[in-house]
Amino acid sequence: GNKVGGIFGRGEKLNNQQTQTEVKNSTINGTTEVGGIGGWSSQETNTHIVTDSLISGSDMVGGIIGTISGELQNASVIKTTITGKTTIGGIIGESNKFHNRNVKINRCHVQNSDIIGNRFVSGLVGSTSNSEITNCSATGTVEGEEDVAGLISTGNNTIINKTYCTNHVSGEKNVAAFVRDIHTVTITDCF
C-alpha cells in the first residue's frame with residue numbers, strides 16, 4: 001500500500017510530536033512512501049531508531065520516513081537494508097517543502113546499512129528540495145543503476161552543513177561519492 005511505516009503511515013495530524021520510537025528486527029513492505037518509522041510526515045519528529053530491519057517499496061522509500069515535509073532530528077538507521085526502485089534514501093526517500101516551510105534534517109545517521117535501488121538512490125536522502133541538512137552522516141553500501149550518490153542523489157535549494165559519508169557507492173550511470181545533482185546548493189564543513 002501507500003504511506004506505510006513501522007509506527008505510522010501518514011503523520012499530518014499527529015498529537016504534538018512523534019518522539020522516541022524504535023523499530024527492531026522488522027520487515028516493512030509497501031508501494032510508495034514507505035519508511036521504517038513513517039510513510040509520510042509533515043510534523044516534527046524526534047529521536048527514532050531503526051535497527052536490523054528490512055524496508056522495501058517501489059518509490060520514496062527511506063530508513064526513517066518515506067517522504068517528509070517537516071522536521072526530523074536525532075534519528076538513526078543501523079544495520080538495515082532499504083530497497084526500492086526510485087527515490088531511495090538511508091534516512092528519507094524524499095524531502096520537500098510543505099506550506100512554505102523548509103524541511104530540516106538534523107543529527108540523523110545511517111550506520112552499516114545497505115541502500116539498494118534503481119534510480120535516485122543515496123545514503124541519506126534520495127531527493128531533496130528546500131531542505132537544510134546538518135550534523136548527519138552515512139556509512140555502508142549504496143547500490144543503484146542510475147543517479148546514485150553517497151549522501152544525496154538529486155534536488156535543489158538545499159543547505160548541507162557538517163555532514164559526511166563514507167559509503168561504498170556503485171552504479172552504472174551518474175554516480176557520485178557525495179552529492180550527485182543538486183541545483184542551488186550550499187555545502188560547508190562536509191567530507
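Let us start with a pair of charged side chains: Glu146 and Arg119 form a salt bridge, and their closest N and O atoms are 3.8 Å apart. Glu146 belongs to strand E19 (residues 146-149) and Arg119 to strand E16 (residues 119-122), so this pair ties together parts of the chain that are 27 residues apart in sequence. Keep in mind as you look around that this is a predicted model.

How exposed are these two partners? Glu146 has a relative accessibility of 24%, so it counts as partly exposed. Arg119 is partly exposed as well, with a relative accessible area of 35%.

Now move one residue along, to Asp147. Its side chain meets that of Arg180 in a salt bridge, with 2.9 Å from N to O. Here too the pair links distant parts of the chain, since Asp147 is in strand E19 while Arg180 is in strand E24, 33 residues apart. Is Asp147 buried or exposed? Asp147 is buried, because its relative accessible area is 1% and buried means under 20%. Its partner Arg180, at 24%, is partly exposed.

Arg180 has another partner to show you. Asp181 forms a salt bridge with Arg180, and the closest N and O atoms of this pair are 3.3 Å apart. Asp181 is partly exposed, with a relative accessible area of 23%. Put these residues together and you have a network of salt bridges that links Arg119, Glu146, Asp147, Arg180 and Asp181. In the whole structure, a search finds six salt bridges.

Strand E24, where we found Arg180, is a good place to turn from side chains to strands. E24 covers residues 179-188 and runs parallel to strand E20, with eight bridges joining the two. One place to look is Asn161, whose bridge partner in E24 is Thr188.

From E20 (residues 152-161) you can step across to strand E17, because these two strands are paired as well: eight bridges join them, and two strands pair if there are at least two bridges between them. E17 and E20 also run parallel. Follow Ser131 across, and you reach its bridge partner in E20, Thr158.

While you are in E17 (residues 125-134), stop at Ser127, which lies in this strand. Ser127 has a relative accessibility of 16%, so it counts as buried. What does Ser127 touch, leaving aside its neighbours within four places in sequence? Its contacts are Thr87, Gly93, Glu94, Ser95 and Thr154.

Our last stop is the largest nonpolar core, which has 39 residues. Ile64, Leu72, Ile91, Ile105 and Leu124 are the ones that touch the most other members. Several strands contribute: E10 (65-68), E11 (71-78), E15 (103-116), E17, E18 (137-143), E20 and E24 each supply at least two residues. Which strand gives the most to this core? That is E15, with five residues. In soluble globular proteins, nonpolar side chains tend to be buried together.

For a closer look at the core, try Ile91. Beyond its neighbours within four places in sequence, Ile91 is in contact with many residues, including Ile64, Leu72 and Leu124. Other contacts of Ile91 include Gly62, Gly63, Ile65, Ala75, Val77, Cys108, His109, Val110 and Gly123.

Definitions and conventions: Residues are numbered from 1 along each chain as its sequence is written. This is a predicted model: local features need pLDDT of at least 70, side-chain atom pairs count only at pLDDT 80 or more; totals for chains, interfaces and linings use all residues. Side-chain values use heavy atoms; hydrogens and water are left out. Helices (H or I, at least four residues) and strands (E, at least two) are DSSP runs, numbered from the N terminus. Buried means under 20% relative accessible area, exposed over 50%, partly exposed in between (1.4 Å probe, protein chains only). Contact means heavy atoms within 4.5 Å. A nonpolar core is a set of buried Ala, Val, Leu, Ile, Met, Phe, Trp, Tyr and Cys residues joined through side-chain atoms within 4.5 Å. A salt bridge is a side-chain nitrogen of Lys or Arg within 4 Å of a carboxyl oxygen of Asp or Glu.
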